Every structure is written in structure tokens, then in C-alpha cells.
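Student: I'm new to this one and a bit lost. Could you pick a single part and take me through it closely, in one go?

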Amino acid sequence: MLQQKRRIILLAMIMVILVGAVSLISTRLLYDTSLNEQRNRLGELVNSQAGMIEELSNLSTELDLIKDTDKDFETLLSHLVRAHKKFIVASDTGEFTVGLKVGNQINFLILNGERPTAHQKFAFVPFGGPNSAPMQLALSGKSGSVIGRDYKGQKVLAAYTSLILKDQQVGLVAKIDLHEIKEPFFWANFIIFGLGIILTTIGLYFFIKISEPLLLEMGKSKNNYRDLVEGSDSIILHINQQGIISFANSFSKNFFSQEWEDLVGLSAMLLLEPQSEYANNSSSLNRVIDFFGEGDGPHEKPIRNDDSTAWISWRVRKIINSSEDVEELLCIGNDITDNHLSRENLKKSESRHRIIFENSPLGMVRFNPEGVILDCNNKLVELLDSTKEKLIGFNVAQKSNSKMREAIKKALAGESSIYEDLYTSVTGNKTIYVRAIFNPVTLGNSSTEVICTLEDISDRIEVEKNLAESEERFRGIAKASPVGIIITDIKGSLLYANQRMTELTGENYTEQTGLSWMNNIHSKDKSNLITNWYEADFISKDRLEFRIVHNNGIILWILGQIVKLKDKKEQMIGYVITMTDITQIKTVELEHTRLTAAIDQAAEAIMITDTDGMITYVNPAFQKISGYSADEAIGQNPRFLQSGEHDILFYDNLWDTILAGHIWEGKFINIRKDGKHYTQEASIGPVRDETGKIINFVCVSRDISKQLVVEAQLRQAQKLESIGELAAGIAHEINTPTQYVSTNNQFMKEAFITLLAMTNNYRELIKAVQLSKSQEELLKIAESGLDDDELTYLEEDIPNAIEESETGLKRITEIVQSVKQLAHPGEVQKGLYNLDEIIRNAITVSSNEWKYVSDIELNLDENLPEIHCLKGEIGQVLLNLIINAAHAIESKSGKDTEAKGRITISTYQKENWAVLKISDSGTGMPENVAKRAFDPFFTTKEVGHGTGQGLAISHNVIVNMHNGVINFETEENIGTTFTIKLPLKKIGQ
């Protein structure tokens, strides 16, 4: 017995387990099926809503209905809110949400049919957190369905997708609380499991109580069935042959509870179609069958419920009696109001889309999975210059160009693609630039179709081409511009900088876009820029000078200019800043300031004239020298200073020189305001502009009146010094002829006495003759008075003495005349003189200096023209050079040596120059002495043997007084050669 009970218990346990397993499996299968249906339904809803939203967005953009993008976006969201309020998901927890990603946050734009405020709970949810998983996937650019936690943290079944709305990625999510889906199945499973337990118990009871009547078992089974029906979530009605409801389950009663307290006994038509003529009267079952229509269903019928219309999907089962008549109808209905409304909305959406499709300003076309055109709008027909008959059925994937085929095949493979190029219509032979966007559309598990929008962009391409050319020109100009160019937004953040800016600062501006452009502004100038350009309501100074610091540390001065940048609506969108490097100008200004100060403080008189000779500027030194103020001088011609000392040829030569672009140098004798004459040494040169054109003349001069007096005194002193040094030699030269003139004079005196005595003897002889003395006495007197030898001596020597005296006197005259010519005091006017004669005079005067140490070799050009010079000054130069040559030879070989040196003097003509060379075989000059040969007061002679002025004065005479050239070549222990060049023609001739 115990064993039997155990077996019964084991059997009962096995049956319970089997029932539990069956109930769990069946519930799970039903749950999975329902879950998939809900998943598909939500997916369809999300995709249809996304498509509708995109089309609305594209339509508003393409029709340019709203200019303001932000307002457009808000308007679209408002439409969605109203649409979602009207759209009811078949669930208490069903909800549409729309959101976008803002930084690391999800900003929900629509929650439960409402626009949440910024401070409302759940308006912002962290992106990447555990909640709002469907929206995170949608904002990641994905589409699909998922079971995850929503923004509240509740586990939901959700369908999601991503779409681009007004250039923003927006996520769209439709969800149902998973608990709501599970709950019916949980209760169903609980009921089924309980029913299984009951059935198992009944089975066991039958097994134990075999004798129980079968009707009892059926009754129990019917009760169990009724319980099952009563627990169903569907409307279950039994309608008898009279059309009266004979049974209604609890769900039906609850569904219609507000309208009817009890459904049993009511006319079915009163419940199903209260507005019909059969509603208040009993009607046959056939009328009910006619209401549902043929077949078992499903039949979708509207039913008024609580002042609203519910849509029920009916399945009708006819119960046939033995007479083959319909005895009863079993009607099972499911509330599909949400699905129906979704389909209706979808139809409306499709209708709207069709309107949009047909009236779109863009060509629109639909392709099947093979690339064949299924449908197209009239705009496409117009764009391609074709007909719908030719287009529909045309296989673009096979018969268009390769680039178009590639774009379509890419879309058919499930990836969006864009074709933007020249396209020639195969069916219309029209060639235009088009932009075609191919978007794949996959409905359920069906093959992929493609929706394409096509736009004629020929005008845009032309505009873009012109814009590109314009931009290229701008970039070319900006790149080649010597001016730095910066473009910023209204906050001063960098948008663009040209190559010149990189050269000015050394910065790589391509890496600094969006940052401040003022990093290289000098710290002392930055605040001034900000104050004048950015902090004020308006730009107070559009031009500013400031400094920038190059990355290598160099500071540059910049002239900056800022200009407001405006769009087509005259709204300011930024600034354009140009920067010109004025460092050189600043340097020139500083130098100009210094130069102006130097000119104003200079001791030399500075005068600037225009090309017509009118004075435009004089410095203070000019005013001091001339006695004329700046106001008196400016505007006048410099001729008001002329003294009349220079002829017209002098001034013609001056103007010819400076107008030819050369520098004129010379001396003026001008007249002061007080009438006094003064001599100035001047240099006049042209001033040219950047093209080389002469625009001014500048005269720099100094008053040398006192200097000329000093120089004249110095030259005269030097002459006297030279003559003084030569005095002994000159005295010696004069003494020699004087001595033999004196000796001859003594001889002549004695000869005269002798001849006088002879003359007296002849007087005595004449008296004797007169006295008639005898011949013997006469002969005796005659013989005593005549000495034949003495007379012969006197006949021979007296002429010689006379000749020697004449020669001596002539030599004395020559020496005195040479000294007189060389001294030449008071000479102020130049004249034409023979250079060879001046050389011979110098040789004569200096003969005592050289004749004991050297010989002189003359190579003089007898045909050399006369030179225009100061004779005394040139003679002094020659005297200095001959004496220096003699001293150099004496220093080398000594005075008492028999071997003499040589001084060679040559003259010849070379072009317009008279050339004089004086060479000696003396010591030559070492390099350190040669460098200072023409320095005043520099000498290598012993103290008392020279002042060091000789060569300095010679250089001044030749170069400054005669516009000539003097230079020398020297070699130690070999000798020195001085070369002098003097102009042959007088200046002005």
C-alpha cells in the first residue's frame, strides 16, 4: 500500500513536472513570439516615423520655408510632439523618445509626448552610462532593436534608429516596458501551471476514482475551459441563432463595462454596430455573419467604446449543428486599435509622402533590388527630358555610366552612396550636372530597395566653379600679398591667416585655427589693441601701429587695420585684419629724426632746391653764414646770393653737371645779406626718387673765407720757409758770379790805369810834336809810353773779363728772376703759363740743393699747351718735390760721395691733362710713412729741417685749388715717383 502510494506520489510529481515544463515551454514560446511581434511592430513604427521626420525636414529645407535653422528645428520638434501625443502605443508604458547628443550628455527633446525643460528630470542623461542604452545606440548611428534599460533605468524592449535632422544627428526610440510584456505571460503561465496541476489532480483523481461519471469529468473540464476563457486577454463572445450574446468572458465585460453592465442577452448588433438599423432589434445570426463578412477572419471592425472608437480584429468560428445549420458563432476579438491607428497614420504618411514625392522640387525615383526603376516623380521626368513610360522599368544598374552603376550597386548592397557628376540621360539624351543620393531601404527580411533623390546642380556647379576660381584668386592674392592678412570670427578667434603672416611671426597658423591670433603681439601693445578693437561697442581706431614678436625674437613694427566682415544680410560675422610691416619706415623715421637733428645742428650750410632751382629748405647754419632767415630764403632762386665774381660759363657748367645726375664740387664767392663777400666750398648733388628721377638738389657748403686767408698765409710762410732754406744756396749761387765779376772789375780798373798811363804818354808825345822837338826826342817819348807786351795782354784779357762779367751778371739776374717768379706774392687769379718754364725756374732756384748729390734729367714736352694755374703755387709744389727728392738721395748716398743720384722730370699730354712726373733714386718711403705722406705736420726729417707742411700744401694746391690729381709710387731703397695731373682747359671753356 505504501509502495502504491509512493508510486502515486511519484506519478503525481512527474505529471506536475511535465505540466510545469509544458507550461513553461509554451509560455516561453508564446512570450518569444509576442516579443518578436512587438519588436517588429516597434521597428516598423520607428522606421516609419524616422522616414516621415526626414521627409518633413528635407521638405522644409528644400522649400526653404524657414530661414532660421534653429527655429526650423524647434518647429519640427513641435510637430513631432503633437504627432506623438495623438499616436498611442498599445501599452500603458509605450513611449516615443527623441534625443540628441550634447557633449557627454544625451539631451532628450521629446519624452512621453512632451518637450522636457532643461531642468526637468531625465532631460539630460549621461552618454555612456548604464541607462538609456537604446538612445545611446541610436546616437551612435545604429538602427535596430534591443532589450535594455531606458532613461529611467527600467528594462524595456525598444526599437531605435538614427537620422540626420537639420545637420544634427538625432536618435529616435520607441519602447515598451518589458515588465508589461512579461506580465500577461507570467499570469498565463501561472494559470496554465495551476490548470495543469488541477488537470493532474483530476487525472489522478480519475485514475483513483475510475468509477466517477464521464460527465462530471467533462463538467470539470468545461469549468476549467471557462476559467481559461475568463482569464483570456481577448474578447470572447458566443452568439446564438437569434443574434443574442449568450456568453461573454470577463475581458469582454470589462472592455464594455462602462457602456453595458451585462453583455449576455444583448443583441450582438447593438454591441457591434450600435448605429445600424438592427441595433435595437433582435436580428438573425445571418445579420451578424454579414457584419463580419465571409471567412473566419481576421476581420477588423471599429467599435464605439467610452466615446472613443476601438478597432477589434475578430476571428469568427461557425458552430454547425447536425442539420448543417449555423447554430452558434464563437467570436474572439483582439484590440488592435494601436496597430490600426499606426497603419492609418502610415497610410496618411504614405499619402503625404506621395504628395511630397510627386511635388518635390527634386527628382525622386525608387529602384527594385535589381536596379530597375519602379517609380519616379514628374520632376525626374523633367530633369532627364524623358517620359515615365520610358523610365519605369529601365535598369539603371546595367545601362547607365560606370560611376552611376557603382553608386547604385553600393546602395543595393545596403550602403548609402552619392553620385555627383555630369550625367547624360539614356532615355532622354539630356546632359546635366546632377547630385543623386541613393539610400537603401530594407523592409523586414525582404530584399533591399533604393530610394534616390536627384537634383540638377548645373547652376550650383557653375557657381562653385566661379566661387572656386574666386577663392583661388583670393588665395593667390593673399599668398602673394606683401601684407599679412588675418580673418577672425566675431570673438577674435582665428579662421584664416595668409603666408605673409607666417613670415612675419614664424607661427604655423594652420594649427591655431579657432585660437587667439594675438599670441605674437608685443605685451606692451596688446591691451591697446583689445581696447580699441574689441572692448568698445565700435572700433574707435581702425588703424593702429603696434609691435609683434617673431618666434626668433625679432621685434617688428606693424601698421594694422581692422575691417568688419559681414554676410549678405549685413550681419557682422567676423573681422578682416591686415598687417603691414613698417619696421623699415620706423627705422627710416628714426634715422630721419636723427638726420634732421644732425642737419639742424650741422656747422655746414645745407640748402635743398627743387628741379627748377627754387629753395625749399635751409638749415640754421645757412642762416648764420648768409645772414638770411629761412623765411627770406625759401621760395627764392640761389642766384640772389651771387656776388658777380663768377661768369655765366661757371654756372652753366654747374647746372650741366647736376642735371646730368653727377655731383658738382667747387668754390663759390657769394655775398651776405650785409653785403660782405664770403667764399664757400660746396658740394651739389641730385636727389632721386624710387624710379631714378631727379626730384631735388642738395647743396652742402661751408664758409672757407677765414680758411683761405690762413691757407694763403700758410703757403706764403711755406714759400718764405723754402726760400729761407734755399737762401744760403742762392747766396752761394750769386756769390760765385759776383766774385769773378768783382775780380774782372779790379782787373779792368788796373788795365784802365795802365791804359790811362799810356794815354798820358801820348799826350806828352803830342805836346812834344807841337813843340817841334827832335825826332829822337819824340821817338824816346813814344817808346817810353808804349809797352807792347802789356798792350797785347790787355787786348786779350779785357774782352774775356768783360764777357765773364756779363755772364756772371746774367746768372745773377736769372737767379733773382727765378726767386721772384717762385715767390710771386699776392697771386689770386689764375692765368695761362708754360709748365716747362715753371719747372726750369724751380730747378734754377733749388740748384744748390741738388747739384752736389744728383743730376737732373729733363724730358719736357716742348709742345705741351699752357696750363691755367696759379704760377707761384705750382712752382712752390715743384720746388718742394725737387728739394724732397734731393734730400732723399742725400739720405741714401751722402753729400760728399762722388756717385750722384738722379732726378728725372718729365712732362707730356694725356687726353685733357698735362702730366708731370718727378722721379728720384732716393731712399723711398716705408709703408707706414707712405700712408701719412700728405698729412699736415707729418715729417720724418730732423727737428729744424722741415715743418711737415710741404706735401700737405702741395696736395691742397693740386687737388683743391686746381682740380688736379697728385699721387706717388715708392719703393724702399729704390726711389719715389710723384705724378701730377693738371687740367689743360679752364673750367667753363
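Tutor: Sure, and let's begin with pLDDT, the predictor's confidence in each residue, from 0 to 100. Residues are numbered from 1 along each chain as its sequence is written. What you see is a predicted model, where local features need pLDDT of at least 70, side-chain atom pairs count only at pLDDT 80 or more, and totals for chains, interfaces and linings use all residues, while side-chain values use heavy atoms and leave out hydrogens and water. The chain's average pLDDT is 79, with 82% of the residues at 70 or above. Confidence peaks in strand β31 (residues 913-920), at a mean of 94, and bottoms out in helix α5 (residues 214-230), at 64. Helices (H or I, at least four residues) and strands (E, at least two) are DSSP runs, numbered from the N terminus. Where pLDDT is low, don't read the predicted coordinates in detail.

The part I'd zoom in on is a sheet. Six strands build this open, antiparallel sheet, and they run β3-β2-β1-β6-β5-β4 across it. Two strands count as paired if DSSP finds at least two bridges between them. At the edges sit β3 (124-126) and β4 (144-149), each pairing on one side only. On average, neighbouring strands of the sheet are turned by 35° against each other, direction ignored; the axes behind that angle are lines fitted to C-alpha atoms, for helices over the stretch in contact, with angles from 0 to 180 degrees between N-to-C directions.

Now look inside the sheet, at β5 (residues 155-165) and β6 (residues 168-177): ten bridges join them in the antiparallel sense. For a spot to click on, try Leu-163, which faces Val-170 in β6.

Carry on along the chain to helix α4 (residues 178-208), which gives four residues to a nonpolar patch, the most of any contributor. The patch covers about 530 Å² of surface and is made by Phe-186, Trp-187, Phe-190, Ile-191 and Leu-228. Patch members have over 30% relative accessible area and no salt bridge; like charges are joined within 9 Å and nonpolar side chains (Val, Leu, Ile, Met, Phe, Trp, Tyr) within 5 Å. A salt bridge puts a Lys or Arg side-chain nitrogen within 4 Å of an Asp or Glu carboxyl oxygen. Phe-190 belongs to helix α4, and it counts as exposed because its relative accessibility is 52% (buried is under 20%, exposed over 50%, partly exposed in between, with a 1.4 Å probe and protein chains only).

How values were computed. Areas by Shrake-Rupley, 256 points an atom, 1.4 Å probe, with all protein chains shown as cover.
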